[in-house]
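Trainee: Could you take me through the inside of this one? I'd like a close look at how the core is put together.

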Amino acid sequence: MRKFLLVGRTGVGKSSFINAAFGSYIAETSEYEACTKIVEHYAYKTPLGDVSLIDTPGLAEDDEAYLSLVRAKVNLAQIYATIYVSKLNETRFRPDEKRTLRLLTNRLGASIWNRSILVLTFAASVPNDQQEIFAEKRSQQIFDFLQIITREQDIDQIFQGFEQEWLVDNIVDNWTSDGLPILSILTD
Ligand SMILES: Nc1nc2c(ncn2[C@@H]2O[C@H](COP(=O)(O)OP(=O)(O)O)[C@@H](O)[C@H]2O)c(=O)[nH]1
Ligand SMILES: [Mg+2]
C-alpha cells in the first residue's frame with residue numbers, strides 16, 4: 001500500500017485532489033473555509049494498486065494544533081511520498097506559503113521532502129501557452145526556499161528537489177499535464 005501525505009495551505013485543493021484521484025466526492029471540500037479539520041486516511045484498492053491518501057487540514061489557522069495532529073495521526077516512517085500542493089495560478093510566492101513550508105519542515109522534519117511530489121492545482125485556470133512558464137517559476141521558488149530552510153535545519157538533509165511535478169486541475173475532469181488520470185500517476 002502506497003501512502004501519500006498531502007500537505008499545503010488551506011484552499012489549494014488537497015481534498016479536491018483526493019476526489020479527483022478517486023473520481024468521487026469522498027473528501028469534503030470548501031470554497032470558503034478550511035473544512036478538513038482532522039487528519040483523514042482515504043485508502044482504496046484499485047485495479048492499478050492500493051493507494052492511501054492522507055488528507056490534512058491546511059496550515060493557516062491553528063498551526064501548532066495542526067502539526068501535532070499530523071504527528072499523532074500519521075506514521076511518517078510509513079509514508080511513501082509527501083505530496084506538496086500549491087496553486088499554479090498564484091503568481092506571487094506568498095509569505096504565508098513560506099511560513100507553511102517552514103513549519104512543515106521544522107515540525108515534521110526535513111526528511112518529509114526526501115521523497116516528495118509537487119502538485120500544482122488550478123492548472124486549467126492558466127492559459128495553455130503560459131502553463132509551463134508558470135510551473136517552472138513556482139517550482140523554482142519552492143525549490144529555492146526548501147533548499148534554504150532544509151540547509152538551516154540539517155546540512156545533511158538539504159532538499160534535493162521534487163521527484164515528480166504534476167499539473168492538475170481538480171475541477172476540470174481528467175485534466176492532468178500528461179493527460180493521465182491522477183490515480184495512474186500515483187500507482188505508476
Ligand atoms: N478551478 C479549480 N478549483 C479547485 C481546484 N482544486 C480545488 N478547487 C476549489 O478550491 C476550493 C478549495 O478546495 P479544497 O479541496 O477544499 O482545498 P483544501 O483546503 O486544500 O482541501 C474548493 O472550492 C474547490 O472546488 C482546481 O484544480 N481547479
Ligand atoms: Mg481540505
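Mentor: Sure, starting with the contacts: of those between residues at least 6 apart in sequence (heavy atoms within 4.5 Å), 71% join residues at least 24 apart. Keep in mind that this is a predicted model, where local features need pLDDT of at least 70, side-chain atom pairs count only at pLDDT 80 or more, and totals for chains, interfaces and linings use all residues. Residues are numbered from 1 along each chain as written, chains are lettered from A and ligands numbered from 1 in written order, and side-chain values use heavy atoms, leaving out hydrogens and water.

Of the 188 residues, 50% count as buried (under 20% relative accessible area, 1.4 Å probe, protein chains only). Now the part you're after. A nonpolar core here is a set of buried Ala, Val, Leu, Ile, Met, Phe, Trp, Tyr and Cys residues joined through side-chain atoms within 4.5 Å. The largest one has 31 residues, and Tyr84, Leu101, Leu104, Trp113, Ile142, Leu146 and Phe162 touch the most other members. Two or more residues each come from β1 (2-7), α2 (63-73), α3 (95-108), β5 (116-121) and α4 (128-153), these being DSSP runs numbered from the N terminus (helices H or I, at least four residues; strands E, at least two). The top contributor is α4, with five.

Zoom in on Phe162: leaving aside residues up to four places away in sequence, Phe162 touches Tyr84, Trp113, Ser116, Ile117, Leu118, Ile142 and Leu146. There's also a second, separate core of 22 residues, with Val12, Ile18, Phe22 and Leu186 among them.
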